Amino acid sequence: LSSPSGLTHESHKKDVEQVYLRCSEGSIEWMYPTGALIVNLRPNTSPASYKHLTVCIKPFKDSAGANIYLEKTGELKLLVRDGDRSPSKVYCFGYDQGGLFIEATPQQDISRKITGFQYELMSRGIASDLHTVSAPCRPCSDTEVLLAVCTSDFVIRGSIQDVTNQAEEQESVIHVGVNKLYRQKSKVFQLTGESGNWRGQIKTLLECGVKPGDGDFLFTGRMHFGEARLGCAPRFKDFQRMYKEAKDKGLNPCEIGPD
């Protein structure tokens, strides 16, 4: 978390301050914004790998007081306009497309303004999986499922307890009862005190039309801004079949023990 403050530059409203961030994910809060802020993302990886990175930012719900631009060699491209209220909207761009330039907008009373957003750096392949436009709801092939089992941030066997549709955000929240937890990167799926069962929530696009149903599924996916996003989710019996077929041929990319 980086929290610069414009109050330190109150007498120099045209000042430009630079911030250097080494983490692959985190957040920025610019309190009482004045002047401009240049955000330099410098991950602890080889510079040769920078061209394969995608940067995504997600403004805080109450972020205000500045415009956020993508800047490269002095040219500015507006990403987020001050006052935009697009809930949960995520803005992504290639690392080599430029850096972030945040410019404060004139305010009568800056004391009430805080500009803030979360950011993540990820490989281009993962980013395209999360933000794909073409056929985002299509079923995964057997090969894609088996690879997802090896590379996803979470892999669970579970059932759909309920689905909550969020029309404003164009998303659905899948409430999952977990029968077996194979892997999770963050503690999204947790034991509930009352029943002693594992439960959690997974988000997906509203247009995919997910509905509650009987039977177990293998849920896989990625963590994105602290939320579980759905990837491949075949019925568990179908996963058992494809896993056994691949194992018999020596083609399964990793061992998981599907029973």
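These are my notebook entries on a predicted model, covering its overall make-up, one pocket, its core and a few single residues.

**Ground rules.** I number residues from 1 along each chain as its sequence is written, and my side-chain values use heavy atoms, with hydrogens and water left out. Since I am working from a prediction, I ask for pLDDT of at least 70 for local features and count side-chain atom pairs only at pLDDT 80 or more, while totals for chains, interfaces and linings use all residues.

**Entry 1, the whole chain.** I started with secondary structure and found three helices and 15 strands. Here helices (H or I, at least four residues) and strands (E, at least two) are DSSP runs, numbered from the N terminus. Next I looked at burial: of the 259 residues, 39% are buried. My cut-offs are under 20% relative accessible area for buried, over 50% for exposed, and partly exposed in between, with a 1.4 Å probe and protein chains only. The chain exposes about 14400 Å², and carbon and sulfur atoms supply 49% of that area; the areas come from the Shrake-Rupley method with a 1.4 Å probe, and for residues only the protein chains shown count as cover. For contacts (heavy atoms within 4.5 Å), I noted that among those with a separation of 6 or more, 66% join residues 24 or more positions apart.

**Entry 2, the second largest pocket.** I get a volume of about 370 Å³ for this pocket. Its lining holds 23 residues, with Pro59, Phe60, Lys61, Asp84 and Ser86 the closest to the centre. For the record, a pocket is an open set of points on a 1 Å grid over the protein atoms alone, where a 1.4 Å probe fits, with protein on both sides within 12 Å along at least five of seven lines; lining residues have an atom within 4 Å of a point. Grid points are joined across faces, edges and corners, and the volume is the space filled by probe spheres set on the points. Strands E4 (53-59), E5 (66-72) and E9 (114-123) each give at least two residues to the lining. By class I count eight nonpolar, six polar and nine charged residues there. Ala, Val, Leu, Ile, Met, Phe, Trp, Tyr, Cys and Pro are my nonpolar class, Asp, Glu, Lys and Arg my charged one, and the others, Gly among them, are polar.

**Entry 3, the core.** Which members of the largest nonpolar core touch the most others? Out of 25 residues, they are Leu41, Ile57, Leu79, Leu100, Ile102 and Phe117. Such a core is a set of buried Ala, Val, Leu, Ile, Met, Phe, Trp, Tyr and Cys residues joined through side-chain atoms within 4.5 Å. I followed Leu100 further: leaving out residues up to four places away in sequence, its partners include Ile57, Leu79 and Phe117.

**Entry 4, valine 55.** This residue of strand E4 is buried at 2% relative accessibility. Beyond four places in sequence, Val55 contacts Leu41, Tyr91, Cys92, Phe93, Tyr95, Glu120 and Leu121.

**Entry 5, positive phi.** Most residues other than glycine have a negative phi, so I checked for exceptions. Tyrosine 32 has phi near 50°; it sits in the loop between strands E2 (25-31) and E3 (36-41) and is partly exposed at 22%. Phenylalanine 225 also has phi near 50°. Its loop runs between strands E14 (217-224) and E15 (227-230), and Phe225 is buried at 7%.
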